[in-house]
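Subject: Structure for you to look over

Dear colleague,

I am passing on the structure we spoke of, and I would be glad if you could look it over when you have the time.

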Amino acid sequence: MRLLYLVSVGIHILAATVWIGGMLFLVLVVVPWLRRGGRTDAAIFLRETGERFRNVGWICFGLLLITGTFNLWVRGVRLSDFGRAEWLESSFGKTVLVKLGAFLVVLVVSALHDFVVGPRATKAIAADARSTDARQQRRRASMLGRINVVLAIVLVAAGVVLVRGTPW
Ligand code: HEM
């Protein structure tokens, strides 16, 4: 069981690294490079790399949910704890709630970005990259991407606190 737990934590951290690293690469490298303009194939590049990373991202979410649930179970967390006021008020319970809440918001924001706003933005850019519509859709897609970057920091911080306890 111990080996399985260690492998689960390892996969959890790896999945978190792939998702966060990929997202930061898109936000800090790809989008600013495309924004510099004059990239005739910008729309194709963004659509194709975005679709590939979308698949990678959702595989990571699945792995994070499975390994995260197992990690919680190994740490003694049971469904009944979510009905106990004493556990919900404990710093461990609160950290688990913050983590699960942030993860739920990440899933909603990612679904909006990956399946609604993102495809709309690449379509508008393909039609006319300089149009008002393309600018608006791109702005919305970037804003969703940035919300997920902030949530990723919250999720990592909550993970560290789950393992090592609160700083206060
Ligand atoms: C995008 C989502 C997530 C990210 C980026 C993330 C990130 C992390 C990181 C970096 C750690 C390691 C912390 C450390 O060792 O100091 C961690 C630990 C942990 N995470 Fe997550 N996590 C995510 C989702 C989840 C979910 C959905 C759950 C529960 C269902 C979860 C439960 C846990 C648990 C229980 C630990 C402690 C592992 C241990 O026992 O050592 N995580 N997480």
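What follows is a short account of the salt bridges and of the exposure of the residues that form them.

Please keep in mind while reading that this is a predicted model. The structure holds three salt bridges, and I take them in turn below.

One of them pairs Arg47 with Glu48, whose closest N and O atoms lie 3.6 Å apart. Arg47 is partly exposed, its relative accessible area being 35%, and Glu48 likewise counts as partly exposed, with a relative accessibility of 44%.

The other part of the account centres on Arg84, which is itself partly exposed at a relative accessible area of 36%. Arg84 forms a salt bridge with Asp81, where the closest N and O atoms are 2.9 Å apart, and the side chain of Arg84 also meets that of Glu86 in a salt bridge, at 3.6 Å from N to O. As for the two acidic partners, Asp81 has a relative accessibility of 8% and therefore counts as buried, the limit being under 20%, whereas Glu86, with a relative accessible area of 64%, is exposed because this value is over 50%. Through the partners that these salt bridges share, Asp81, Arg84 and Glu86 are joined into one network.

When you open the model, you may wish to begin with Arg84, since the salt bridges to Asp81 and to Glu86 can both be viewed from there.

With best wishes

Technical notes: Residues are numbered from 1 along each chain as its sequence is written. This is a predicted model: local features need pLDDT of at least 70, side-chain atom pairs count only at pLDDT 80 or more; totals for chains, interfaces and linings use all residues. Side-chain values use heavy atoms; hydrogens and water are left out. A salt bridge is a side-chain nitrogen of Lys or Arg within 4 Å of a carboxyl oxygen of Asp or Glu. Buried means under 20% relative accessible area, exposed over 50%, partly exposed in between (1.4 Å probe, protein chains only).
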